[in-house]
Amino acid sequence: MTVFEKPKSLTDAELHYCPGCTHGIIHRLVAEAIDELGIEGRTVGVAPVGCAVMAYNYFTCDMVEAAHGRAPAVATGLKRSMPDNIIFTYQGDGDLASIGMAETVHAATRNENITVIFVNNAIYGMTGGQMAPTSLPGQVTQTSPYGRDVKTAGFPIRVCEMLSALDGPEYIARVAVNNVKNVKAAKKAIEKAFKNQVENKGFSLIEVVSSCPTNWGMTPQKALDWVESNMIPYYPLGVYKDRSAKEGE
């Protein structure tokens, strides 16, 4: 009996991510959802500009590269032209919540039948650690060396709270991957997001609170502790919208 094995939807390529980065965990959860739903042969992923720009190396399904922030628009085109395929985007906070905010909001309000995996590590990882739309108040980054000043930079964007206020989306949830309990909950949410698309229910977004040890200047363990003590209090975990559950009440 096999107790544990690599998901079939992941390739054997060595991940390029920094030591301690949780992108690897999230990749695995996405691949497990694809495997368990039996949809690998008709799934197409859309890779962003950001740390996951080379996600096409890691998933065995077809992948399309999108211009910075445009993954939801590309996914919309793919889904509308190939409605029987399962389309997902895999985006970071700079890609989705900054340059791609318009595409995200409008795909959500139209309830496009796509699945969005949104990785929030509160910083621009690929380009050297600049302040992101999700960087916390007072957080030190390369472009906020004295900490994020909300008087000049504004407050962090809470994507789940914002999108859940729209009438369109089917399912909006925030999860984390900083401990075993949260990883298990994240897997369940990601699988539900893909299942919603299989059942033609519409737009699902899973925000994954993640860590960036390199650009935070921390060890991997301290970064996970920082997620627990700083990020999760500001970005509370949970389901923010589940239209099917509400209709079933």
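In the predicted model, V46 of strand β1 has V64 of strand β2 as its bridge partner, where strands are DSSP runs of E of at least two residues and helices are DSSP runs of H or I of at least four, both numbered from the N terminus. Strand β2 covers residues 62-65 and runs parallel to β1, the two being joined by 4 bridges; strands are taken to pair if DSSP finds at least two bridges between them. Strand β1 is likewise joined to β3 by 4 bridges, again in a parallel arrangement, and in this pairing T43 stands opposite I86 of β3. Residues are numbered from 1 along each chain as its sequence is written. Because the model is predicted, local features need pLDDT of at least 70 and side-chain atom pairs count only at pLDDT 80 or more, whereas totals for chains, interfaces and linings use all residues, and side-chain values use heavy atoms, with hydrogens and water left out.

Strand β1 (residues 43-47) is largely enclosed by the rest of the structure, since 5 of its 5 residues are buried, that is, they have under 20% relative accessible area, with exposed meaning over 50% and partly exposed the range in between (1.4 Å probe, protein chains only). In a regular strand the side chains alternate between the two faces of the sheet. In β1 both faces are covered, with T43, G45 and A47 buried on one side and V44 and V46 buried on the other.

The largest nonpolar core, a term used for a set of buried Ala, Val, Leu, Ile, Met, Phe, Trp, Tyr and Cys residues joined through side-chain atoms within 4.5 Å, contains 33 residues, of which V30, I117, F194 and I206 touch the most other members. At least two residues of this core are supplied by each of α1 (23-37), β3 (86-92), β4 (115-120), β5 (171-176), α7 (180-198) and β6 (204-209). A second, separate core of 21 residues includes V44, L78, L96 and C160. When residues up to four places away in sequence are not counted, I117 touches I26, V30, T89, Y90, Q91, I190, F194, I206 and V208, contact being defined by heavy atoms within 4.5 Å.

Helix α1 has 15 residues, which at 1.5 Å a residue should span 21 Å, and its end C-alpha atoms are 21 Å apart, in agreement with that value; the expected span is 1.5 Å times one less than the number of residues in the helix. The buried residues of α1 include H23, I26, L29, V30, A33 and I34, and the buried residues of this helix pack against β1, β3, β4, α7 and β6. Just after α1, G38 takes a positive phi of about 65°.

Helix α7 also contains N196, which is buried, with a relative accessible area of 2%. Leaving aside neighbours within four places in sequence, N196 is in contact with N113, E170, Y171, K201, G202 and S204.

Salt bridges, counted where a side-chain nitrogen of Lys or Arg lies within 4 Å of a carboxyl oxygen of Asp or Glu, number 13. In one of these, the side chains of K187 and E36 meet at 2.9 Å, N to O, linking helix α7 to helix α1 across 151 residues. Both partners are partly exposed, K187 at 25% relative accessibility and E36 with a relative accessible area of 46%. The side chains of E103 and R70 meet in another salt bridge, at 3.0 Å, N to O, and this pair connects helix α4 (residues 101-109) with the loop between β2 and α2 (71-81), the two residues being 33 residues apart. R70 is partly exposed, with a relative accessible area of 30%. In a further salt bridge, the closest N and O atoms of D242 and K192 are 3.5 Å apart, and the pair links strand β7 (residues 238-242) to helix α7, with the two positions 50 residues apart in sequence terms. Here D242 counts as buried at 17% relative accessibility, whereas K192 is partly exposed at 27%. Salt bridges that share partners join R28, E32, E36 and K187 into one network.

T219 lies in the loop between α8 (213-216) and α9 (220-234) and counts as partly exposed, at 42% relative accessibility. The C-alpha atoms of T219 and F118 are separated by 23 Å, the two residues being 101 residues apart along the chain.
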